Amino acid sequence: MTDHDTEDQLEDIPLDALPLDAWHRARGARMVPFAGYEMPIQYEGIVAEHNWTRESAGLFDVSHMGQLLLSGPDLDAAVEAVLPIDLSTLKLGQQRYSLLLDEEGGVLDDLMVSRWPEALYLVVNGATKWDDMGTLREALPDDITLNYLDDRALLALQGPKAADALARHVSGEYPLSALTFMKFGQFKLAGHDVTIARAGYTGEDGFEISLPADAAAEVADLLCAEPEVKPIGLGARDSLRLEAGLPLYGHDMNPEVSPIEAGLVFGINKRRRTEGGFPGAERIIREINEGTARKWVGLKIEGRLPAREGAEVFSGADKIGIVTSGGFSPTLGAPIAMAYVASSHAAIGTQLEVEVRGKRLAATVSPTPFVPHRYYRGS
C-alpha cells in the first residue's frame, strides 16, 4: 500500500461500505479508504498475514471490484472493437486477462473476461469501475446490454491450502478439483449459487468467488471456521502481488503507459497483434515490432531499506527510470521493486541505483516474478 492509497485517495468523497464491513470490524480489522470504500488493510499484521497466505490460505474481500455482465447481438464483434482480445478462442468456462485502452494506446484499466452462456462477464478494478462502465457504454453498440452486478460480493481465497478448505463446502456438476488455472464454474456454496474461478492476485493457487452480497458474511464465517483459513487485508495483498511481479493499475499502469512498455503483450491476443481493430492498435502494433524507449522491470535492492513508488532510478549520474511499486519482501527478507527504466538499461543483471531518502542504494535488474507462481494447472 502507498500513502496515496491509504490516506489521500478520495478523502473528500463519502466512502461506501463493503457488504462485509461489519464483519471486518468485528474481527478487529484496521479500515482505510481505498477505491471509494472503507477496506481492511490488516487484522493481526501485514507480515503475519502475508506469511499465512503463502503457507496456508487467506480470505480476501475484493467486493470493491466491478462485476459486469455484457449481452446482446453480435456480442463478440462488439467487444473485440473495444478490447484487444480474441474471443473466438475463449470457450465457455474460460477466463482471460485483457486491457481497456484509449485511442492513443494508453491503459485505462486491466480486467478479466469470462465466457458465460450467451454473455461475457468482466471484472474490473474498483477505483476505475465507474469510468470503465462509461467508456464501455459509449463504445459499445446500443443493443449491447451492460449490467453492473452491484448485488454481488467477490471473495478471494488464496494459498496452497485454499483448495482443500473450499472443497469441503462446494458441490456442483463436477468437483472443484476439475478447475484449473483461469477456468471457472457454477457451484453451490452454503446453499447459495456462486461462480468460482481458479485465479487470483497473489501468485498462489486460489479462487475468486462471486456470490450474492447478502450471503457474504455467512460464507466468510464458514470458510474462516476452517483451520487453514484466516481473513487477510489489503496490506498483505499488495506485498503478495509485488512478490508475484503483478502490476497494479494506477501505479504500474495508467493512461500514460502502453501495455508493451508494461510487459503486457500477452494481454494483446495473437490475432489482434496483426489485425488490429481496437483502440490504440496503431501504436501497439508499432511498439511490438519496433520496441519501446522504456521497459517495466523488477529490481532487487541491497540492504533493508525499501524503495517506494516515485523513487528515482539511476545509472551513474544519469536518471534512467522511476519506481512504480516497491516494498520489503517478507518471503525473500529483502527489498524489491518494479520500475520503468530506459530500455538500454533493462537487461537482467544490469547494475543500477535507486535513490531513497537521499541515499543511493545498489539495485540489480531482476526477473519477475520474484517468488515463483504456484498456479494449479492440473496434476
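Where is the place of Ser325? Ser325 sits in strand β18, which spans residues 318–329. Before we look around this residue, please keep in mind that the model is a predicted one.

Is Ser325 buried or exposed? With a relative accessible area of 4%, Ser325 is buried, because buried means under 20%. Its neighbours, leaving out residues up to four places away in sequence, are Arg241, Leu242, His251, Asp252, Ala337 and Met338. Two of these deserve a closer look. The side chain of Ser325 makes a polar contact of 2.8 Å with the side chain of Arg241, and a polar contact of 2.9 Å joins the side chain of Ser325 to that of Asp252.

From here we can move to helix α8, which covers residues 234–243. This helix lies across strands β2 and β3, and runs at about 70° to β3. What sheet do these strands belong to? They are part of an open sheet of 3 strands in the order β1-β3-β2, with mixed pairing. The edge strands are β1 (16–17) and β2 (30–34), each of which pairs on one side only. Strands β2 and β3 (residues 37–42) run antiparallel and are joined by 5 bridges. If you would like a landmark for that pairing, find Arg30, whose bridge partner in β3 is Gln42.

Strand β3 also leads us to helix α5, since β3 is among the elements that cover the buried residues of this helix. The others named there include β5 (66–71), β6 (95–101), β7 (107–116), β8 (119–124) and β9 (145–148). Which residues of α5 (residues 129–139) are buried? They are Lys129, Asp132, Met133 and Leu136. These residues lie on the same side of α5, because they cover an arc of only 100° around the axis. The spacing makes sense: an α-helix has 3.6 residues a turn, so residues three or four places apart point the same way. On the face turned away from the buried side, α5 carries the exposed residues Trp130, Asp131 and Glu138.

Now let us turn to strand β20, residues 351–356. Its covered face holds Leu352, Val354 and Val356, while Gln351, Glu353 and Glu355 are on the uncovered face. This pattern fits a simple rule: in a regular strand the side chains alternate between the two faces of the sheet. Strand β17 (residues 312–315) runs antiparallel to β20, and 2 bridges join them. Here Val313 has Val354 of β20 as its bridge partner. Strand β20 is also joined by 6 bridges to β21 (residues 359–366), again in an antiparallel arrangement. In this pairing, Glu355 has Arg360 of β21 as its bridge partner. The hairpin of β20 and β21 has 2 residues between the strands, and Arg357 takes a positive phi near 55° in it.

Our last stop is Thr364, in strand β21. Why does Thr364 count as partly exposed? Its relative accessibility is 24%, and partly exposed means between the 20% and 50% limits. Thr364 touches Gly298, Leu299, Lys300, Gly349, Thr350 and Gln351, again not counting residues up to four places away in sequence. With Gln351, Thr364 makes a side-chain to side-chain polar contact of 3.2 Å. By way of contrast, look at Gly233: Thr364 and Gly233 are 131 residues apart along the chain, and their C-alpha atoms are separated by 30 Å.

Notes:
Residues numbered from 1 in each chain as written. Predicted model: local features only at pLDDT ≥ 70, side-chain atom pairs only at ≥ 80, totals over all residues. Heavy atoms only, no water. Buried < 20%, exposed > 50% of the residue type's maximum accessible area, 1.4 Å probe, protein only. Helix = DSSP H or I, 4+ residues; strand = E, 2+ residues; numbered from the N terminus. Pairing = 2+ DSSP bridges. Contact = heavy atoms within 4.5 Å. Axes fitted to C-alpha atoms, helices over the stretch in contact; angles between N-to-C directions. Polar contact = N/O pair within 3.5 Å; in protein donor to acceptor, adjacent residues only side chain to side chain. Arc of directions from axis to C-beta.
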